[in-house]
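This report is intended for a reader who is new to the structure shown below. It begins with the chain as a whole and then turns to single residues.

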Amino acid sequence: MKPAAPAPTALPANEPDATTTGYPVAEFPGQVLRAYSPGNTPDTPQGMEILRSSITCTPYAAAPEPAIPVATVWVADAYQIADLDPTGLAEIVEGLRSVADRLDHVVIPHLNDIRAAWTTHRTSRTGARP
């Protein structure tokens, strides 16, 4: 089932003036995963939101910046892929699907095989813990 899209933020009644840097049109949550972070004390995984996205509009952006609504995907923390048009966003989605498919169909089976071989190898040794 597709997740429901949030309602877009209402566009301003009056177009922002040239001093406005931009305004959000819609924001979409990412996925919170537990990850290690350099310098994190104690050295334990913490919740980190990944792949949060938004649509913004900067109507008076100076060239070559786009002056139409664009999408931004925050990979993690402050790392972002910005100024995505629909084609660029579709390319990100295609790349993420490719990575997810590789994890699902290549990495997981390979990990299961390696773990099975490891368990066989370890349990064949006297007193070894699997």
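In this predicted model, 29% of the contacts in the protein chain between residues at least 6 apart in sequence join residues at least 24 apart. The protein chain contains 1 helix and 5 strands. Their order along the sequence is β-β-β-β-β-α.

The following table collects values for the protein chain.

| Property of the protein chain | Value |
|---|---|
| Share of the 130 residues that is buried | 13% |
| Exposed area | about 10,200 Å² |
| Share of the exposed area supplied by carbon and sulfur atoms | 60% |

One residue may serve as a local example. Thr 72 belongs to strand E4, which covers residues 70-76. Is Thr 72 buried or exposed? Its relative accessible area is 6%, and because buried means under 20%, Thr 72 counts as buried.

The surroundings of Thr 72 can also be described. When residues up to four places away in sequence are left out, Thr 72 touches Arg 52, Ser 53 and Ser 54, together with Gln 80, Ile 81, Ala 82 and Asp 83.

Arg 52, one of the residues that Thr 72 touches, also takes part in an arrangement with an aromatic ring. Arg 52 lies over the face of Trp 74, at 4.1 Å from the ring centre.

Pairs between aromatic rings are a separate matter. Such a pair is described by the distance of the centres and the angle of the planes. With ring centres required to lie within 6.5 Å, the count comes to 0 aromatic pairs.

Terms used. Residues are numbered from 1 along each chain as its sequence is written. This is a predicted model: local features need pLDDT of at least 70, side-chain atom pairs count only at pLDDT 80 or more; totals for chains, interfaces and linings use all residues. Side-chain values use heavy atoms; hydrogens and water are left out. Rings of Phe, Tyr and Trp (its six-membered ring) pair if their centres lie within 6.5 Å; planes under 30 degrees apart count as stacked, over 60 as edge-to-face and the rest as tilted. A charge sits over a ring if NZ of Lys or CZ of Arg is within 6 Å of the ring centre and within 35 degrees of the ring normal. Helices (H or I, at least four residues) and strands (E, at least two) are DSSP runs, numbered from the N terminus. Buried means under 20% relative accessible area, exposed over 50%, partly exposed in between (1.4 Å probe, protein chains only). Contact means heavy atoms within 4.5 Å. Accessible areas come from the Shrake-Rupley method with a 1.4 Å probe; for residues, only the protein chains shown count as cover.
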